[in-house]
Amino acid sequence: MVRRLGPLKIESLAYGGKGIARADGQVLFVDGALPGDLLTCRVTREKKRYAEAVVEELITPSPARRTPPCPVADQCGGCQWQALNYAEQCRWKQSIFTDLLQRNVGIGLERIEPIVPAPDEWGYRSRVQFKCVAANGRFLTGFYRTGSHVVVDVDACPVVDPAVNAVLARLKPIIAGSSYLRGIPQIDMESGSDGQVRVVIHALRHGRQIADLCRPLAEEAGFSLLVQSTPSGKPQVLHGPADLTVQVDDPPVSLRYGPGGFAQINQAQNRALVEAVLASANLKRTESVLDLYCGMGNFSLPLARRAGQVVGVEESAQSIAMARVNATAHQIDNASFYCQSAEGFLRRWRDRPFDLVMIDPPRSGARAVMDELLECRPGKILYVSCDPSTLARDLTPLVQNGYHVVSSRPFDMFPQTYHLESLTTLIRTDC
C-alpha cells in the first residue's frame with residue numbers, strides 16, 4: 001500500500017541533497033524538497049528509524065526556491081540544488097559541514113571557517129562525461145536520471161564550461177546524422193586553462209569511421225580529438241595535443257595531464273584551494289613534505305617551491321609520469337615522485353621523518369592512512385577532502401590521539417550540487 005504524508009514543512013537539508021521533515025516520530029528524507037517547502041509526499045522506502053520519500057504536491061514553495069535555468073533539472077541526476085538560490089546553497093553547505101564536524105568529531109565552532117563560494121555558480125565545470133545512447137533514431141547525450149542508467153538528453157549544460165558546450169553543439173549533430181551513432185556509450189570533454197578543449201569519443205564500434213567523420217570539425221574548430229575503441233585501451237590521437245594544462249600558484253605553474261588523468265573540475269576554486277594550502281603550510285624552505293594522492297603535482301609542485309624537499313605518492317603511473325614532466329618543465333628539482341599506493345607508504349618510509357603530510361584522497365577517504373600518520377606523527381597534517389562524512393570519520397582517531405584541529409574550511413567546488421571540498425589543518429599537540 002502506498003503511504004502518503006502531509007502537509008509537511010521541510011525543516012532542513014541532508015548531506016546527499018534531500019530535504020528533511022518529521023512525521024509520526026519518524027525522520028523523512030524527501031527527494032526534491034527544499035527547506036521552507038510545504039508539501040505532501042509519497043514514501044518510497046521504509047526503515048525502522050527513517051523513511052525516504054518524493055514530493056507529490058508542492059503546496060507552498062520555499063521563499064528560497066527559484067526556477068532552474070536547466071529545462072531538465074528535475075530529471076537529471078547531475079544537479080540536486082538548482083532550484084535553491086546560490087546564497088542558500090552556500091549557507092546550507094556551511095551548516096551541513098559544521099554539523100558533521102561538531103557532532104562526529106567534536107570540533108569547536110570557532111575552528112570551522114566560513115565557506116569559500118565559487119566565483120561563478122554557472123559554467124564552472126571544465127571536465128564532463130556525457131553518457132550517450134541511440135534511441136529511436138536519435139543520438140542522446142547527457143547524464144543519467146537519478147538512480148538509473150536512463151540518459152537524460154541535453155544539448156548544453158549550464159554548469160559546464162561554455163567552450164565545452166560550444167563543441168558539443170557542433171559535434172552532436174554530425175554523429176546524430178550518421179549511421180555510426182550506435183556503439184558510442186560516452187564522450188569525455190575537458191577544457192584547460194588556456195581554453196583548449198579535448199574530446200575523447202568512446203567508440204566500441206566503427207572507430208575508424210567515426211574518426212574520419214569527426215576529424216574535419218576538430219581541424220576547423222581547433223579542439224583536440226581522440227577516439228578510444230576499447231574500454232581500457234589507450235585513445236588514439238586524431239587531431240591536436242593529447243595533453244591539457246591547468247594553472248595554479250603565482251607565478252603560475254602549468255600542470256599538464258593526459259586523457260584519463262585527474263584535474264579538479266572547477267579551476268578557479270582549485271586555484272583558491274591551492275592558495276589556502278600554501279598559506280596553511282606556512283613553509284620556510286627547510287621542511288620535508290609528503291604529498292599522498294599527489295596526482296600530477298597539483299599541490300606538490302607549489303609546495304616544493306617553498307619547502308626543502310617534497311615527496312609525492314600516487315598509484316596512477318600516468319599521473320606520476322606527468323608530475324615528473326611538470327617538475328622538469330618548471331625546473332623544480334627538490335620534488336621526487338613515486339608510483340605506489342598511499343596506504344603503507346609511511347610504514348615503508350618510517351625512517352624518514354616528515355614535517356608536513358598533505359593528503360587529498362578520493363571520496364572514500366583515507367582511513368588506513370590515519371593509522372600510519374599516528375605512527376609517524378608529523379608535526380602538521382593538511383587534509384583536503386571531497387566528502388565531509390569520510391573526513392569526519394578520518395579526523396576522529398587523529399583528534400583522539402594527540403592532534404588538534406587548527407581550522408577546517410569548506411570550499412564550494414560544485415555549485416548546484418550538495419558536494420563540497422574542504423581543507424582541514426591539524427597540528428600535533430606536543431609541537
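Partly exposed means a relative accessible area between the cut-offs for buried, under 20%, and exposed, over 50%. E375 has a relative accessible area of 43%, so E375 is partly exposed. The structure in the viewer is a predicted model, and the tour starts from this glutamate.

**Stop 1: E375 and R347**

Select E375 together with R347. Their side chains meet in a salt bridge, with 2.9 Å from N to O. E375 sits in helix α8 and R347 in helix α7 (residues 345-348), so the pair links distant parts of the chain, 28 residues apart. R347 is also partly exposed, because its relative accessibility is 35%. The count of salt bridges in the model comes to 28.

**Stop 2: helices α8 and α9**

Stay on α8, now selecting residues 367-376, and add α9, residues 388-399. Two packed helices are described by the angle between their axes and the distance between the axes. For α8 and α9 the angle is about 15° and the axes are 9 Å apart. The two helices are therefore roughly parallel to each other, since angles under 35 degrees count as such. Their crossing is right-handed.

Which residues of α8 and α9 meet? On the α8 side, show R367, M370, L373 and L374. On the α9 side, show R393, D394, P397 and L398. The residues of this contact divide into 5 nonpolar, 3 charged and no polar.

**Stop 3: D155, K172 and their network**

Move to D155 and K172, whose side chains meet in a salt bridge at 2.8 Å, N to O. D155 is in the loop between β9 (151-153) and α2 (162-176), while K172 is in helix α2, so the pair ties together parts that are 17 residues apart in sequence.

Are the two partners buried or exposed? D155 counts as exposed, because its relative accessibility is 54%. K172 counts as buried, because its relative accessibility is 9%.

Extend the selection to R138 and D153. Together with D155 and K172, these residues are linked in a network of salt bridges.

**Stop 4: R111 and E110**

Select R111, in the loop between α1 (86-105) and β7 (127-135). R111 has a relative accessibility of 18% and therefore counts as buried, the cut-off being under 20%. Leaving out residues up to four places away in sequence, R111 touches G106, H404, V405, V406, S407 and S408.

Now add E110. E110 forms a salt bridge with R111, and the closest N and O atoms are 3.7 Å apart. E110, at 66% relative accessibility, counts as exposed, whereas R111 is buried.

**Stop 5: backbone geometry**

The next selections concern phi and omega. Most residues other than glycine have a negative phi, and most peptide bonds are trans.

Where are the cis peptide bonds to look at here? One runs from G6 to P7, with omega near 0°. P7 is found in strand β1 (residues 4-9). Another cis bond runs from D250 to P251, also with omega near 0°. P251 is placed in the loop between β14 (244-248) and β15 (253-257).

For phi, select N136, in the loop between β7 and β8 (138-144). N136 is not a glycine, yet has a positive phi of about 55°. Its relative accessible area is 79%, so N136 is exposed.

Then go to H206, in the loop between β11 (197-202) and α3 (207-221). H206 has a positive phi near 60° and is a residue other than glycine. H206 counts as partly exposed, because its relative accessibility is 34%.

**Stop 6: G222**

Follow α3 from H206 to the loop between α3 and β12 (224-228), where G222 is placed. G222 has a relative accessibility of 39% and so counts as partly exposed.

Which residues does G222 contact, leaving aside neighbours within four places in sequence? Show Q196 and L217, with which G222 is in contact. Finally, add H239. G222 and H239 are 17 residues apart along the chain, and their C-alpha atoms are separated by 8.4 Å.

Conventions: Residues are numbered from 1 along each chain as its sequence is written. This is a predicted model: local features need pLDDT of at least 70, side-chain atom pairs count only at pLDDT 80 or more; totals for chains, interfaces and linings use all residues. Side-chain values use heavy atoms; hydrogens and water are left out. Helices (H or I, at least four residues) and strands (E, at least two) are DSSP runs, numbered from the N terminus. Buried means under 20% relative accessible area, exposed over 50%, partly exposed in between (1.4 Å probe, protein chains only). Contact means heavy atoms within 4.5 Å. Axes are lines fitted to C-alpha atoms, for helices over the stretch in contact, and angles run from 0 to 180 degrees between N-to-C directions. Angles under 35 degrees count as roughly parallel, over 145 as roughly antiparallel, 65 to 115 as roughly perpendicular and the rest as oblique. A crossing is left-handed if the near helix is turned anticlockwise from the far one by less than a right angle, and right-handed if clockwise. Ala, Val, Leu, Ile, Met, Phe, Trp, Tyr, Cys and Pro count as nonpolar, Asp, Glu, Lys and Arg as charged, and the others, Gly among them, as polar. A salt bridge is a side-chain nitrogen of Lys or Arg within 4 Å of a carboxyl oxygen of Asp or Glu.
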